[in-house]
Each structure stands twice: as structure tokens, then as C-alpha cells.
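The following exercises are to be worked with the sequence and the coordinates at hand. Each task is followed by a solution in steps.

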Amino acid sequence: MYWGRWIKLHHRRKKELLQGQQSGWRVGAGMALLGFSAFYREGFEVVLFLQTYRLKLGEDVVLLGALVGFALTAVIAVFTFVAHRRLPYRKMLILTGVLLGAVLLVMVGEQAQEMQLAHWLPTTFIPALKPLMPDWTGLWFGITPTVETLAAQALAATLVIGSYFAARRMAGGEAA
């Protein structure tokens with residue numbers, strides 16, 4: 001839905017703007033302001049994120065991590081610009097959506113577990129699942145053998161998958 005309609009609309013609008021249907025300086029100023037705000041927002045977010053690690057781990061670790069991240073970003077940028085016309089954008093967007101869904105499930109599981117540790121949620125263990133779920137599944141994936149965490153993750157998954165099908169239905173069954 002996002003790719004098929006929203007991005008398509010923005011590409012069409014961008015073409016209209018760049019073809020001169022608006023005054024040149026206004027378009028240039030708008031594009032510059034948009035670019036600056038996007039870059040500033042991302043930069044500000046990264047600085048806050050790295051500041052926390054700097055306080056916990058020290059400057060050397062953060063500098064090394066930032067340099068490795070910059071190098072990997074540069075490699076991806078080169079691949080993106082070289083293969084610009086051949087990249088499967090739609091498939092990449094779908095994969096990104098699936099990965100974000102997985103991150104959502106991990107975050108919901110971890111949050112439910114934190115609420116259990118704070119005694120804001122009850123903790124009802126499922127003994128049959130305990131041998132199937134080692135402790136690392138809770139640490140890495142937020143999956144713990146309790147009714148509350150699994151129910152919260154199932155609810156989150158149902159809401160996300162349900163909203164996908166509802167959006168497709170509202171769009172007339174068009175492929176995503």
C-alpha cells in the first residue's frame with residue numbers, strides 16, 4: 001500500500017515541482033529545507049544514541065563503532081548508486097516491513113517482561129513451554145514462556161497483520 005500509492009504520489013508531485021510548475025527559488029528552498037530537516041533529525045537522533053554508549057563504554061569504543069558504521073554505510077551507498085536502476089525496491093520495502101514487524105514483537109515481549117518484573121502485570125508461567133524456550137530466547141527475542149508476554153506479542157502481530165489486510169481491502173484488494 002505504501003509503495004503503490006503514497007510513494008507514487010510523492011514521485012509524481014516531485015516531478016511536477018521539478019518540471020517548473022512552481023517558481024524555481026521556492027522549489028529549491030523547499031527541497032533544501034526538507035533535506036536539512038531530514039539530515040538534522042537523523043543526526044540528532046544518532047548523537048543522542050551514541051552519547052548514551054559513550055557514557056557507558058567510553059569514547060574509544062564509540063569512535064571505533066562509528067568508524068565501522070560509516071565504512072559500512074559508504075559501501076552500501078556505493079552499491080546503491082552503482083546498481084540504482086536494478087535494485088528491487090518493492091521487495092526491499094517488503095523485507096524491511098517484515099523485519100520491522102519482528103522488531104515490534106521483540107520490543108512488545110521485552111516490555112511485557114519489564115512490566116512483569118515491576119509487578120504491573122501478573123506472571124503466569126507455561127510449564128510445558130519452559131523446556132522449549134532457553135533463557136537466551138527471552139534475552140535476544142523477547143520470547144518468554146509466560147501467558148502475558150506471548151499474549152501481548154500475539155496481539156501485536158494480530159494488529160499489524162490485520163491492519164495490512166484491512167488496508168488492502170480498503171484499497172480494493174490491490175496487491176501491496
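**Exercise 1. Classify the residues that line the second largest pocket, and state which elements supply them.**

Solution. The model is a predicted one.
Step 1: sorted by class, the lining comprises ten nonpolar, three polar and one charged residues.
Step 2: the lining has 14 residues, and those nearest the centre of the pocket are V46, L50, A66, G69 and F70.
Step 3: at least two lining residues come from each of α2 (24–57) and α3. The greatest contribution is that of α2, with eight residues.
Step 4: the space within this pocket amounts to about 340 Å³.

**Exercise 2. Determine whether the end-to-end distance of helix α3 agrees or disagrees with its expected span, and state how many of its residues are buried.**

Solution. Step 1: helix α3 covers residues 59–82, which is 24 residues.
Step 2: the expected span is 1.5 Å times one less than the number of residues, and for helix α3 this gives 34 Å.
Step 3: the end C-alpha atoms of α3 are 34 Å apart, so the expected and computed values agree.
Step 4: of the 24 residues of α3, the count of buried ones is one, and the helix is therefore hardly covered, given that buried means under 20% relative accessible area.

**Exercise 3. Assign T149 and H119 to the buried or the exposed class, and describe the setting of each.**

Solution. Step 1: T149 belongs to helix α6. Its relative accessible area is 0%; because the cut-off for a buried residue is under 20%, T149 is buried.
Step 2: the side chain of T149 makes a polar contact of 2.8 Å with the side chain of T144.
Step 3: H119 lies in the loop between α4 (89–117) and α5 (135–141). Its relative accessible area is 71%; because exposed means over 50%, H119 is exposed.
Step 4: the phi of H119 is positive, at about 65°, although this residue is not a glycine.

**Exercise 4. Summarise the fold content of the chain and identify which element has the lowest mean pLDDT.**

Solution. Step 1: the chain contains six helices and zero strands, in the sequence order α-α-α-α-α-α.
Step 2: of the 176 residues in the chain, 11% are buried.
Step 3: the mean pLDDT of the chain is 84, with 89% of the residues at 70 or more.
Step 4: among the elements, helix α1 (residues 2–21) has the lowest mean pLDDT, 68, whereas helix α6 (residues 147–170) has the highest, 93.
Step 5: where pLDDT is low, predicted coordinates should not be read in detail.

Key:
Residues are numbered from 1 along each chain as its sequence is written. This is a predicted model: local features need pLDDT of at least 70, side-chain atom pairs count only at pLDDT 80 or more; totals for chains, interfaces and linings use all residues. Side-chain values use heavy atoms; hydrogens and water are left out. Helices (H or I, at least four residues) and strands (E, at least two) are DSSP runs, numbered from the N terminus. Buried means under 20% relative accessible area, exposed over 50%, partly exposed in between (1.4 Å probe, protein chains only). On a 1 Å grid over the protein atoms alone, a cavity is a set of points where a 1.4 Å probe fits but cannot get out, and a pocket is an open set with protein on both sides within 12 Å along at least five of seven lines; lining residues have an atom within 4 Å of a point. Grid points are joined across faces, edges and corners, and a volume is the space filled by probe spheres set on the points. Ala, Val, Leu, Ile, Met, Phe, Trp, Tyr, Cys and Pro count as nonpolar, Asp, Glu, Lys and Arg as charged, and the others, Gly among them, as polar. pLDDT is the predictor's confidence in each residue, from 0 to 100. A polar contact is a pair of N or O atoms within 3.5 Å; within protein, one must be able to donate a hydrogen and the other to accept it, and residues adjacent in sequence count only if both atoms are side-chain atoms.
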